[in-house]
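Please read the paragraphs that follow with the model open beside them. They take up a pocket, then the fold as a whole, and then two single positions.

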Amino acid sequence: MGAVLTVRTLLVASVVVTAIAGIDAAIGGSWDLVAVTTLALGLQVAALGGVTRRRHHVHLRADLAGWVNDRAAKTGESVDAVVDRALSDFASRVVAPPATGRHARRE
């Protein structure tokens, strides 16, 4: 989550700088620069939207949500960090059984 926050922060800063440059170009009457900054601003806003939509929302049962909130409060971690760690631990324990029978892969 830290990397996403850093990218989001940099994109917001670049959007602000580009918007100021566009306003300055419009005040100065440099319409070709207004067009370029408007295009850059549009691309930056689209990239910002992609960064913020990267995480998927997971709906938890009420008892699991309570456990996550309690665990986050006890450890001082964010709820996202607790969920990430719990899911990665669960995924590491889930192992597909070896294929046997007629659907076994031949190598």
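What volume does the second largest pocket have? In this predicted model, the second largest pocket has a volume of about 180 Å³. Its lining is made up of Val-58, Leu-60, Leu-64, Trp-67, Val-68, Val-83, Ala-86, Leu-87 and Phe-90, and when these residues are sorted by class, 9 are nonpolar, while no polar and no charged residues occur among them. Two helices, H3 (62-75) and H4 (79-93), each supply at least two residues of this lining, and the largest share, 4 residues, comes from H4.

To place these helices in context, one can turn to the protein as a whole, which has 4 helices and 0 strands, so that, by the assignment of helices and strands as DSSP runs, its pattern along the sequence reads α-α-α-α. The protein has 107 residues, of which 14% count as buried, a class that is reserved for residues with under 20% relative accessible area. The area that the protein exposes comes to about 8,700 Å², and carbon and sulfur atoms supply 64% of it. As for how parts of the sequence meet, if one takes the contacts between residues at least 6 apart in sequence, 43% of them join residues at least 24 apart.

Helix H4, which supplies the largest share of the pocket lining, also holds Ser-88. Is Ser-88 buried or exposed? Neither term applies, because its relative accessible area is 43%, and a residue counts as buried under 20% and as exposed over 50%, with partly exposed in between; Ser-88 is therefore partly exposed. A polar atom of the Ser-88 side chain lies 3.0 Å from the backbone oxygen of Arg-85, a separation to be read against the 3.5 Å cut-off within which a pair of N or O atoms can count as a polar contact.

The other position to consider is Ala-19, which lies in helix H1, a helix that spans residues 2-28. Ala-19 counts as partly exposed because its relative accessibility is 27%, a value that falls between the limits of 20% for buried and 50% for exposed. Where, finally, does Ala-19 stand with respect to Ala-40? The two residues are 21 residues apart in sequence, and in space their C-alpha atoms are 9.3 Å apart.

Technical notes. Residues are numbered from 1 along each chain as its sequence is written. This is a predicted model: local features need pLDDT of at least 70, side-chain atom pairs count only at pLDDT 80 or more; totals for chains, interfaces and linings use all residues. Side-chain values use heavy atoms; hydrogens and water are left out. Buried means under 20% relative accessible area, exposed over 50%, partly exposed in between (1.4 Å probe, protein chains only). On a 1 Å grid over the protein atoms alone, a cavity is a set of points where a 1.4 Å probe fits but cannot get out, and a pocket is an open set with protein on both sides within 12 Å along at least five of seven lines; lining residues have an atom within 4 Å of a point. Grid points are joined across faces, edges and corners, and a volume is the space filled by probe spheres set on the points. Ala, Val, Leu, Ile, Met, Phe, Trp, Tyr, Cys and Pro count as nonpolar, Asp, Glu, Lys and Arg as charged, and the others, Gly among them, as polar. Contact means heavy atoms within 4.5 Å. Accessible areas come from the Shrake-Rupley method with a 1.4 Å probe; for residues, only the protein chains shown count as cover. A polar contact is a pair of N or O atoms within 3.5 Å; within protein, one must be able to donate a hydrogen and the other to accept it, and residues adjacent in sequence count only if both atoms are side-chain atoms.
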